[in-house]
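Trainee: I would like a close look at a single part of this model. Please begin with one residue and its contacts, then work outward until I can see where it belongs in the whole.

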Amino acid sequence: AATAQKCFLQIGGMTCASCVSAIERKLQKEDGIVSVLVALMAGKAEIKYKPEFIQPLEIAQLIENLGFEATVMEDHTETEGSVELLITGMTCASCVHNIESRLMRTSGIFYASVALATCKAHIQFDPEVTGPRDIIKIIEEIGFHASLARRVPNAHNLDHKKEIQQWRKSFLCSLVFGIPVLILMIYMLIPDGEQHGSMVLEQNLIPGLSVLNLLFFVLCTFVQFLGGWYFYVQAYKSLKHRTANMDVLIVLATTIAYTYSCVILVVAIAEKAEKSPITFFDTPPMLFVFIALGRWLEHIAKSKTSEALAKLISLQATEATVVTLGPDHSIIREEQVAVELVQRGDIVKVVPGGKFPVDGKVIEGNSMADESLITGEAMPVTKKPGSTVIAGSINAHGSVLVNATHVGNDTTLSQIVKLVEEAQMSKAPIQQLADKFSGYFVPFIIIISTVTLIAWIAIGFINFDIIQKYFPNQSERVSRAEVVLRFAFQTSITVLSIACPCSLGLA
């Protein structure tokens, strides 16, 4: 059996626990996948797979087929370093071949792939033997120019800015049209006095259409299609891949309530009814207001956690002074390099007030270092030859020379960032149970709602008196069938609507 490898994917578009369970279920069915762990908060998945059966890009494709966005994150494997370079000056395929074959002949490089179209090179190497600076030097010796492809620190994947704006828009839109609906509902509940204004609202503009229903219809239409647009998009993606999430339930409940109301209005107008029917136009706006508010708050909460990570990432130094030493530690030359280009074994000079760019050991000089970012201890710590220093901590007094032991993603700070991300990714067993449950929850509610509808229709036609109780002052003109159907619909839509802001998903 081959050893399993690990890959990390960044996943966009997950909204709730049932999205997570949909992805986990889908992936676990595939051959060659050993384990799947999806983090809703960090928007990440950690997947162990057998490389002879499946590759990370195929896994990403499987997730994209479910309607999410997925990208394979840069290799997190501890054993090898990887670097992405921008190479300029390539003109044709033979340039590409030149660079690739030259790199592959270099000891310490496992893999090199150069793309002519994007001018990018992807290189995996053994950090013990070589590093990004040496690789750039080799490429420049052949006559091309290479530089680091700067990736924005992975904070932007976590800030949820787009989602926050999107749900805020959805919430405010639902609210603008939802508040008048709420006022109208309350206004209608005021008991009828002699000179009561609600009579004005109940007067018919044309037979079968009252002022009230017209207002409801206009307000509800706006909410349904402007405020509820994102729900429709998500529900469509979900259904396309034969899974049902909370969005499907919300869209179902509101669309049925809206359509049913429109239909009975049209029927009433066609029949020129004296009294406009009771509609359900008040259901969708209320639901959308609450759920959009919930989603908006949820993304704000997520972005707060991510902000802490981004701040942590921003504590890292950006540049380092790498020096070449002559006999007895005299400095022959120094050069400023980006911190990503520092290699294991480099000698780095840190001046007073500067940040240590990498983890390492002091080889020359005495100083004090402020390590409060890691330890919380404000007193500076003495550093002398042989002491270890932590990337991101501040050099207080003297100038020191440091031998780099951990660079790039292996520094203490990077590891902390990674641990925080991983802590977001690990799930409590009860949460896995909730995820599993919510996968079955939606179909279950739809079935119950249908059963409710059929049951009440049956009861109504067998024994009308039971339903009569709920409509004591029923006018004679309305047929029994209509009363039964109206009541059955009310009960089944109630079941659907009540299940919408699924407390499990929210919790």
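**One residue and its surroundings**

Mentor: Setting aside neighbours within four places in sequence, Arg-133 is in contact with Val-322, Glu-335, Val-337, Leu-341, Val-342, Gln-343 and Asp-346. The model is predicted, and what follows should be read as a description of that model. Arg-133 lies in helix α4, which covers residues 132–142. Is Arg-133 buried or exposed? Its relative accessible area is 17%, and because the cut-off for buried is under 20%, Arg-133 counts as buried.

Two of the contacts of Arg-133, Val-322 and Glu-335, also belong together in a strand pair: Val-322 stands opposite Glu-335 in β12. A third contact, Val-337, is the bridge partner in β12 of Ala-320. The strands concerned are β11 (residues 319–325) and β12 (residues 331–338), which pair in the antiparallel sense over seven bridges. Together β11 and β12 make a hairpin with five residues between them. In its turn, Asp-328 has a positive phi of about 30 degrees.

The hairpin is part of something wider. β12 and β11 come at the start of the order β12-β11-β13-β19-β14-β17, an open sheet of six strands with antiparallel pairing. β12 and β17 (388–389) stand at the edges of this sheet, each with a single partner strand, so one side of each has no neighbour in the sheet. The contacts of Arg-133 thus include Glu-335 and Val-337, and β12, the strand that spans residues 331–338, is one of the edge strands. As background, side chains in a regular strand alternate between the two faces of the sheet.

Now go back along the chain, to a second sheet. An open sheet of four strands, with antiparallel pairing, has the order β6-β7-β5-β8. Its edge strands are β6 (109–115) and β8 (145–148), each of which pairs on one side only. From one strand to the next the twist averages 25 degrees. Inside this order, strand β5 (residues 81–88) and strand β7 (residues 120–125) run antiparallel and are joined by six bridges. Leu-85 has Ala-121 as its bridge partner in β7. Helix α3 (residues 93–105) lies across β5, β6 and β7 and runs at about 170 degrees to β6.

The loop between β6 and β7 holds Cys-119. The phi of Cys-119 is near 60 degrees, a positive value in a residue other than glycine. Cys-119 counts as partly exposed, at 28% relative accessibility; that label follows because the value falls between the 20% limit for buried and the 50% limit for exposed.

Nonpolar packing gives another view. The largest nonpolar core has 38 residues, and those with the most contacts inside it are Phe-231, Leu-249 and Phe-281. Helices α5 (161–189), α7 (211–227), α8 (229–240), α9 (246–270), α10 (283–314) and α13 (429–462) each supply at least two residues of this core. α9 gives the most, with nine residues. A second, separate core has 37 residues and includes Val-96, Ile-138, Val-400 and Ala-404. Ile-138 falls within the residues of α4, the helix that also holds Arg-133.

In the largest core, Phe-231 is worth a separate list. Not counting residues up to four places away in sequence, Phe-231 touches Trp-167, Ser-170, Asp-247, Ile-250, Val-251, Phe-288, Ile-291, Ala-292 and Arg-295.

The unreviewed UniProt entry carries the annotation "transmembrane region" for residues 171–190, 210–232, 244–270, 276–297 and 440–464. In the model, residues 276–297 are 68% helix and 0% strand, with end C-alpha atoms 39 Å apart. Residues 440–464 are 96% helix and 0% strand, and their end C-alpha atoms lie 35 Å apart.

One more residue serves as a contrast to Arg-133. Lys-161 lies in helix α5 and is exposed, with a relative accessible area of 57%. The C-alpha atoms of Lys-161 and Ser-303 are separated by 7.8 Å, although these residues are 142 residues apart along the chain.

For the whole protein, the count is 16 helices and 19 strands. Of its 507 residues, 44% count as buried. Among contacts between residues at least 6 apart in sequence, 69% join residues at least 24 apart. The protein exposes about 26200 Å², of which carbon and sulfur atoms supply 62%.

Definitions and conventions: Residues numbered from 1 in each chain as written. Predicted model: local features only at pLDDT ≥ 70, side-chain atom pairs only at ≥ 80, totals over all residues. Heavy atoms only, no water. Pairing = 2+ DSSP bridges. Axes fitted to C-alpha atoms, helices over the stretch in contact; angles between N-to-C directions. Contact = heavy atoms within 4.5 Å. UniProt positions renumbered as here; feature names shortened; annotations may be inferred. Core = buried A, V, L, I, M, F, W, Y, C linked by side-chain atoms within 4.5 Å. Buried < 20%, exposed > 50% of the residue type's maximum accessible area, 1.4 Å probe, protein only. Areas by Shrake-Rupley, 256 points an atom, 1.4 Å probe, with all protein chains shown as cover.
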